[in-house]
Amino acid sequence: MGAQVQLIKEDSLCVAEDGFTFAIRLNWYRSLPLSSVDILSVKVDGKPVPADQILFEVNQHQYTQAELLEKYEEFWFVQDFASIHVRQAGKVGKGQTHTLEAEVSLRFPYMQIGPGKFLTNVTRHSSTQVAQ
């Protein structure tokens, strides 16, 4: 069995003015265009976060899932963390403990497995953290 990849960075849960953020790492050995990233789900304490309240932050920009699909010229570099920004003000407070779960799918544009189909890798991880 391969090494277990921890998608969610430990001790990265932070309160934001309009909600909260946490860091995730790229679960692949090569950088990928943002159009290859799908945020499949985010849960907080077992409760799903609606997709319209989730932003993906990387390279000092924020994107919705729909916007990511068009970002084929911008890359998530393997050595950089990205953040999931959840717009739910008051859901997480400093010093509170919460269990985060994220599920991310990556499409590899250089590994075509059929017409219009590409190899994908889905990673799901949960982490219990104290908000900073």
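How many bridges join β2 to β9, and in which sense do the two strands run? In this predicted model, β2 and β9 run antiparallel and are joined by five bridges. Within this pairing, Ala23 has Ser83 of β9 as its bridge partner. β9 also runs antiparallel to β6, to which four bridges join it; here the bridge partner of Ile54 is Val86 in β9.

β9 is mostly covered, with five of its five residues buried. In a regular strand, side chains alternate between the two faces of the sheet. Both faces of β9 are covered: Ala82, Ile84 and Val86 are buried on one side, and Ser83 and His85 are buried on the other.

The largest nonpolar core comprises 30 residues, and those with the most contacts inside it are Phe22, Ile24, Phe56, Trp76 and Ile84. Two or more residues are given to this core by each of β2 (19-24), β4 (37-44), β6 (54-58), β9 (82-86) and β10 (97-114). The most is given by β10, with five residues. For Trp76, contacts beyond its neighbours within four places in sequence include Ile24, Leu26, Leu32, Leu34 and Val37. Phe56, Val58, Phe81, Ala82 and Leu106 are also among the residues in contact with Trp76, as are Arg25 and Ser31.

A second set of strand pairings forms an open sheet of four strands in the order β5-β4-β10-β11, with antiparallel pairing. β5 (47-48) and β11 stand at the edges with a single partner strand each, so one side of each has no neighbour in the sheet. The antiparallel pairing of β4 and β5 extends over two bridges, and Lys43 stands opposite Pro48 in β5.

Gln129 lies in strand β11 (residues 117-130). With a relative accessible area of 2%, Gln129 falls under the 20% limit and is therefore buried. Leaving out residues up to four places away in sequence, Gln129 touches Ile8, Lys9, Glu10, Asp11, Ser12 and Leu13, together with Gln96, Thr97, His98 and Leu100. A polar atom of the Gln129 side chain lies 2.9 Å from the backbone nitrogen of Leu13. The C-alpha atoms of Gln129 and Gln62 are separated by 23 Å, the two residues being 67 places apart along the chain.

A search of the whole structure finds five aromatic pairs. One of them, formed by Trp28 and Tyr29, is tilted, at 4.9 Å centre to centre and 45° between the planes. Another pair, Trp28 and Phe108, is stacked, with 3.8 Å centre to centre and 20° between the planes. This stacked pair links distant parts of the chain, with Trp28 in the loop between β2 and β3 (32-33) and Phe108 in strand β10, 80 residues apart. The accessibility of these rings varies: Phe108 is buried, with a relative accessible area of 1%, Trp28 counts as partly exposed at 21%, and Tyr29 is exposed at 55%. Trp28, Tyr29 and Phe108 form one aromatic cluster with Tyr110.

Charged side chains also lie over aromatic rings. Arg30 lies over the face of Tyr110, at 4.1 Å from the ring centre. Lys9 lies over the face of Phe81, at 4.5 Å from the ring centre. Lys9 is also among the residues touched by Gln129, and Phe81 is among those in contact with Trp76.

Methods:
Residues are numbered from 1 along each chain as its sequence is written. This is a predicted model: local features need pLDDT of at least 70, side-chain atom pairs count only at pLDDT 80 or more; totals for chains, interfaces and linings use all residues. Side-chain values use heavy atoms; hydrogens and water are left out. A nonpolar core is a set of buried Ala, Val, Leu, Ile, Met, Phe, Trp, Tyr and Cys residues joined through side-chain atoms within 4.5 Å. Buried means under 20% relative accessible area, exposed over 50%, partly exposed in between (1.4 Å probe, protein chains only). Contact means heavy atoms within 4.5 Å. A polar contact is a pair of N or O atoms within 3.5 Å; within protein, one must be able to donate a hydrogen and the other to accept it, and residues adjacent in sequence count only if both atoms are side-chain atoms. Two strands pair if DSSP finds at least two bridges between them. Rings of Phe, Tyr and Trp (its six-membered ring) pair if their centres lie within 6.5 Å; planes under 30 degrees apart count as stacked, over 60 as edge-to-face and the rest as tilted. A charge sits over a ring if NZ of Lys or CZ of Arg is within 6 Å of the ring centre and within 35 degrees of the ring normal.
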